[in-house]
Amino acid sequence: MGRIHVLDPHIVNQIAAGEVVERPASVVKELVENALDAGATRIDVTVREGGRDLIEVQDDGHGISPDDLERIFLAHATSKITAVEDLRHVATMGFRGEALASIGSVSRASIVSRRQGHDDGWRVENLDGQVSAVEPSAASPGTVVRVEQLFARVPARRKFLRTATTELGHIKALMGRFALAFPHIGFRLRQGSQALLEAPPEPDRRLRIAQIHGDEVARALLHARETQGEPTLEAWIGPPSLTRRDTKLEQVFLNGRHIRDRSVAHAVREAYRDLLPPGGRRPVAFLFLSIDPARVDVNVHPGKTEVRWRDASAVHRVVRRTLRGALEGARPGLGVALPGGGREHAHLHDQGASTVAAVEQAFLRGAGRSVDSQRPAGFGFSMPPRGDPDAGGGMPPAEAPAAVTVGGLRPVGQLLGTYLVLEGAGELVLVDQHALHERVLFDRINERLRQKGNLEVQRMLVPAVVHLEPEDLARLLEAKDLLQTLGWLVEPFGEDAVAVNGVPAVLRRPDPEAALHELLELIARGQREGLDRTNLVSVAVDSLACRSAVMAGDVLHTDEVVALLEQAEALNHSHSCPHGRPTRLTMTRGQLERWFHRTV
Ligand code: ADP
Ligand code: MG
């Protein structure tokens with residue numbers, strides 16, 4: 001007897017299952033792809049125990065004939081290709097015909113299907129490789145595939161499954177990606193009575209993203225597109241302030257399929273270079289690439305998420321350039337395109353040094369001055385300082401609108417003590433003073449951290465003594481090095497106090513006591529949540545920028561406004577504050593004219 005024999009088909013299928021079926025999410029992937037290939041417009045997925053006990057996928061696709069059901073669990077049974085030639089232009093998601101054979105060999109699977117336009121439904125099952133006869137069954141049009149007890153008979157694989165929560169997380173992420181890739185199709189994911197995804201058809205990308213990832217993320221996204229050349233790209237990307245701990249919200253789709261690709265990921269990283277806060281945070285980016293299918297090979301990986309480009313560097317270039325352009329703003333800084341079409345960018349950078357000095361002078365240290373009595377009100381038509389009812393009853397104060405322009409914008413006034421009113425080439429711009437200042441400080445602080453590794457210290461002439469509870473004192477002394485990074489000079493002072501010899505120079509109203517307490521609270525919370533040092537620094541920077549920025553209600557003077565605008569001009573992405581809120585609202589002449597019915 002020879003020693004070589006041909007493997008039993010059941011064993012072959014189990015081996016193949018290892019390639020296709022790694023975990024519950026991979027089963028969901030195959031079944032949803034089949035539903036998509038069947039032309040479904042609605043796909044409902046129900047799971048139990050993160051898919052370990054049950055995965056059920058119901059679709060309203062074209063259904064399966066009883067004859068096909070008889071062959072459906074055979075390896076290489078597919079309706080999608082018949083010859084090698086077909087491989088060059090596969091338009092369907094699956095084509096190898098191995099998914100159902102594999103899944104059936106490692107679970108208890110059943111399929112119930114009824115073709116559109118037929119009255120008869122049919123059912124077949126595969127219990128760990130034992131395929132039943134096809135029998136009549138009640139069914140609604142479309143197909144329901146149920147997969148129970150995945151890997152129950154293959155302990156070696158079941159052992160590798162993670163907790164139900166983890167597996168469910170993978171399924172949820174997968175469904176979210178499907179929903180993004182196929183906006184015209186309704187997707188639903190539930191476990192028990194819990195709806196994990198509810199996404200009726202929604203062709204508008206931003207609204208689609210909102211269905212899956214929430215309004216807050218969707219609203220903050222910048223939209224960029226490149227429609228010339230190959231590939232074309234439509235991108236929805238987060239401002240640098242909207243970051244994540246991992247890459248889950250960096251998603252790339254190619255011709256409607258989710259892919260993972262190192263050169264695209266690298267291009268995204270390059271685009272955000274220098275813009276992200278320190279700490280290894282990842283941006284949010286949804287990229288939709290389209291390319292002539294002849295220029296890419298999707299047949300590389302059994303899971304079909306990896307591709308081989310004909311020209312990877314062209315892809316890299318398009319992604320990096322388009323994203324970077326959007327991040328820097330088609331309109332630089334505060335963002336007014338100049339009449340000549342040029343950008344004032346470089347010119348403003350030349351003024352960098354003096355701009356910084358002006359802001360330091362007029363703004364950071366001096367803003368406390370803005371409510372003092374020598375300067376009765378702000379500029380333009382700002383409201384009188386609060387708590388001073390006689391200061392003009394809302395009439396415009398004396399100071400005239402500024403004659404200077406910054407980046408093509410002329411400060412006109414301050415509104416409700418909160419918004420700066422600017423006028424530029426045919427448009428009206430409102431700026432949220434706090435949000436913009438916060439962005440300026442945030443960037444400046446991070447830049448300094450990058451360059452010097454710590455923040456500038458403002459030394460106190462007379463040290464401030466701050467009393468602390470014993471545990472706060474211990475925590476603070478433990479975090480001394482972190483405090484130093486953040487611009488604090490602190491020494492123990494007696495048993496229950498510290499002497500503050502220096503505070504972060506950006507701190508606008510150096511009230512060491514309050515600021516120190518706030519910082520201690522952050523540190524305590526960071527420790528509870530297990531943040532590492534880098535993340536702790538970035539949380540502290542966040543709060544420092546917020547605390548140091550002018551507040552809504554602070555009256556600003558023209559020189560302060562100009563200083564702020566100049567500072568913002570030098571930035572590349574001042575259109576949102578570090579939390580992703582917009583800093584400005586623009587109304588064009590056209591919009592105003594439509595509003596007042598000046599146009600016909
Ligand atoms: P492949 O998708 O690679 O062809 P599968 O094993 O996933 O292989 O599916 C085998 C065949 O079963 C498919 O080619 C298709 O004809 C049929 N099929 C599977 N799922 C469905 C479904 N939900 N609706 C209609 N037909 C289906
Ligand atoms: Mg398939």
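This report walks through the fold, cores, aromatic pairs and some long-range contacts of a predicted model.

**The chain as a whole**

Let's start with the big picture. The protein chain has 600 residues, and 49% of them count as buried. Its secondary structure comes to 19 helices and 25 strands. If you look at contacts with a separation of 6 or more, 69% of them join residues 24 or more positions apart.

**Two nonpolar cores**

In soluble globular proteins, nonpolar side chains tend to be buried together. Here the largest nonpolar core has 60 residues, and the members that touch the most others are V32, I43 and F187. Helix α6, residues 164–181, is the top contributor to this core, giving 8 residues. Because domain 1 (9–199) and domain 2 (205–329) both supply residues, this core lies between them.

Who does I43 touch? Setting aside residues up to four places away in sequence, I43 touches V32, A35, L36, V57, Q58, D59, I185, G186, F187 and R188. There's also a second, separate core, with 34 residues, including L476, A479, L516 and L536.

**Aromatic pairs**

The count of aromatic pairs comes to 2. Here they are side by side:

| Pair | Centre to centre | Angle between planes | Geometry |
|---|---|---|---|
| F178 and F187 | 6.3 Å | 15° | stacked |
| F253 and F288 | 5.0 Å | 10° | stacked |

Why is the F178 and F187 pair stacked? The ring planes are at 15°, and planes under 30 degrees apart count as stacked. Both F178 and F187 are buried, and F187 is the one you met above among the best-connected members of the largest core.

Now for the other pair. F253 sits in strand β13 (residues 250–254) and F288 in strand β16 (residues 285–290), so their pairing ties together parts that are 35 residues apart in sequence. F253 is buried, at a relative accessible area of 1%, and F288 is buried too, at 7%. F288 has another partner worth a look: R205 lies over the face of its ring, 3.6 Å from the ring centre.

**Helix α10 and what covers it**

Helix α10 runs over residues 312–328, which makes 17 residues. From first C-alpha to last, α10 reaches 24 Å, close to the 24 Å expected at 1.5 Å a residue. Which residues of α10 are buried? They are A314, V315, H316, V318, V319, T322, L323, R324, A326 and L327. As background, an α-helix has 3.6 residues a turn, so residues three or four places apart point the same way. The cover over the buried residues of α10 includes strands β10 (222–226), β11 (232–237), β16 and β18 (308–309), along with helix α9 (262–272). Strand β16 is also where F288 sits.

**Two glycines with distant partners**

G413 and G279 each come close to something far along the chain, as the C-alpha distances below show. G413 belongs to strand β19 (residues 409–415) and is buried, with a relative accessible area of 0%. G413 and L556 are 143 residues apart in sequence, yet 9.3 Å apart in space, C-alpha to C-alpha.

G279 is in the loop between α9 and β15 (282–283). Is G279 buried or partly exposed? At 29% relative accessibility, G279 counts as partly exposed. Its C-alpha is 8.5 Å from that of R533, which is 254 residues away along the chain. Outside its neighbours within four places in sequence, G279 is in contact with T534 and N535.

Key
Residues are numbered from 1 along each chain as its sequence is written. Chains are lettered from A and ligands numbered from 1 in the order in which they are written. This is a predicted model: local features need pLDDT of at least 70, side-chain atom pairs count only at pLDDT 80 or more; totals for chains, interfaces and linings use all residues. Side-chain values use heavy atoms; hydrogens and water are left out. Rings of Phe, Tyr and Trp (its six-membered ring) pair if their centres lie within 6.5 Å; planes under 30 degrees apart count as stacked, over 60 as edge-to-face and the rest as tilted. Buried means under 20% relative accessible area, exposed over 50%, partly exposed in between (1.4 Å probe, protein chains only). Helices (H or I, at least four residues) and strands (E, at least two) are DSSP runs, numbered from the N terminus. A charge sits over a ring if NZ of Lys or CZ of Arg is within 6 Å of the ring centre and within 35 degrees of the ring normal. The expected span of a helix is 1.5 Å times one less than its number of residues. Contact means heavy atoms within 4.5 Å. A nonpolar core is a set of buried Ala, Val, Leu, Ile, Met, Phe, Trp, Tyr and Cys residues joined through side-chain atoms within 4.5 Å. Domain bounds come from an automatic or database domain assignment.
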